[in-house]
Amino acid sequence: MRTVWIFLLALALTIPCGIYAWYQLKPALAGANDIPSEKPLIIRPVPTGTVVPLKRTTVREFPGTVRAEQRVDLAFSVSGQLLTLNADEGLHVRKGAVIAQLDQRDFIIDLDKATAAFDEARKTLERTRTLIRQKVVSQSDLDGDQATYDSTRAEMRAKKKALEDTVIRAPFDGVIAKRYVENHEHITAKAPIVSIQDISVIQVVFEVPEQTIAREGNLNAFDISVHFDVLDGQWFKARPREVEVEADDATRTYDVVVNITPQPGMHIYPGMTATVRVQRNSSPAAEKRLRGCFRCHHGAGTGCFCRQRRKSLCLGRTRYR
C-alpha cells in the first residue's frame, strides 16, 4: 500500500512538469517545421521634378483692340459737287495722292473776279501814289485806295485758297478704311468724305485698372507682348507708346497704347481683338533676396526651396516669404 502512494505522488509531480515543458518547447518545435517564404518585392514610384532658379515676376493679361497709328477723317473745307473720287475701301494710297475733287468751275470764276478786282485796285493805288507826290490828291484819297488794295488782295487770296480746297490729298501713306459718300454727290463743307488710316505700325489699346497704374507705375519697366486671336499661339513683342492720365469715369481704368511692328505675312487690321500680356521681372535687389531659391515643377504641383533659409519643398503650392 505504501508503494502505491509513492507511485501516485511521483506521477502527480511528473505530469505538471511535463505540461510546463511542452508549452515552453512548442514554439521552437513549430518554427523548426515551417519552411521560410520570400516576401514579394514592392516597387514604389519616386517623384521627380525639374528645378529652376526662382524669380519673382508679375504677370497680368488684359483684353485689347487693334487700331491704326494714324487715322483721320478727310473733309472739304468748301461745299460743291463731287467730281472725282478715288477712294475704294481697302485701297492703299501714297502721301499726296488725289483722293477726291470737287467741280472747280465756279471756284475758278470767283478767283478770276477777285484777281481782276485786285489788279484794278493795284493800278489805282499806283496812280494815286504818283499824284500824291505831285500834290494833286489828298492823303485821304491815298489811304482809301490803299485800303481797297489790301481788301481786294485778301479777297483774291481767299478765292485762291477755296480753289485749292476743292482737292483732297492723302496726308500720309495709308489705306482707305471707309468711304462715306459716292461720286457726283453735292458735298457740304466739313462733311467727312473718307477715313484714311496708317497701318505701317500696329497699335493695341487696352484698359488698365487704376490700382495697377498706382502700384506698378512706369510701363517701360515691363516686358509687354501681344497675342492676336486670329493668330494662334504667336506672341509679338510690343513697345509702350502712351498712357492716359485721366481715368474713365465709368470703369475707373486708364487707356494704355503699345506699338507693334508688323511682320511679313501678318494681316492685322484695326478693330481686331488681342490679348496683352504685361510681365515685370524682379528688381536686382529682389533677385539678390531670392538668390539660392529654386522652383520645382512636378506631378504633385509646384514647390520652392530656399537654401539660404533652409526651407523645405512645399508640394502642391508655392509660398514666398
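Let me begin with the term I will lean on throughout: a residue is called buried under 20% relative accessible area, exposed over 50%, and partly exposed in between. Please keep in mind that this is a predicted model.

K161, at 47% relative accessibility, therefore counts as partly exposed, and its salt-bridge partner is D165, with the closest N and O atoms 2.7 Å apart. D165 itself has 19% relative accessibility, which is under the 20% cut-off, so D165 counts as buried. Elsewhere, salt bridges with shared partners join D88, R179 and E182 into one network.

The count of salt bridges comes to 14, and two of them involve strand β2. In one, the side chains of R277 and E61 meet at 3.0 Å, N to O, and this pair links strand β13 with strand β2 across 216 residues. R277 is partly exposed at 27%, as is E61 at 45%. In the other, R241 and E69 have their closest N and O atoms 3.4 Å apart; because R241 lies in strand β11 and E69 in strand β2, the pair ties together parts that are 172 residues apart in sequence.

What does D145, in helix α3, contact beyond its neighbours within four places in sequence? The contacts are T124, L125 and T128, and the C-alpha atoms of D145 and L125 are separated by 5.4 Å, although the two residues are 20 apart along the chain. D145 is buried, with a relative accessible area of 18%.

Finally, on the surface, E207, E244, E246, D248 and D249 gather in a patch of negative charge; D248 lies in the loop between β11 and β12 and is partly exposed at 35%.

Conventions. Residues are numbered from 1 along each chain as its sequence is written. This is a predicted model: local features need pLDDT of at least 70, side-chain atom pairs count only at pLDDT 80 or more; totals for chains, interfaces and linings use all residues. Side-chain values use heavy atoms; hydrogens and water are left out. Buried means under 20% relative accessible area, exposed over 50%, partly exposed in between (1.4 Å probe, protein chains only). Contact means heavy atoms within 4.5 Å. Patches are made of residues with over 30% relative accessible area and no salt bridge: like charges are joined within 9 Å, nonpolar side chains (Val, Leu, Ile, Met, Phe, Trp, Tyr) within 5 Å. Accessible areas come from the Shrake-Rupley method with a 1.4 Å probe; for residues, only the protein chains shown count as cover. A salt bridge is a side-chain nitrogen of Lys or Arg within 4 Å of a carboxyl oxygen of Asp or Glu. Lys and Arg count as positive and Asp and Glu as negative; His and the chain ends are not counted. The place of a charge is taken as NZ of Lys, CZ of Arg, CG of Asp or CD of Glu. Helices (H or I, at least four residues) and strands (E, at least two) are DSSP runs, numbered from the N terminus.
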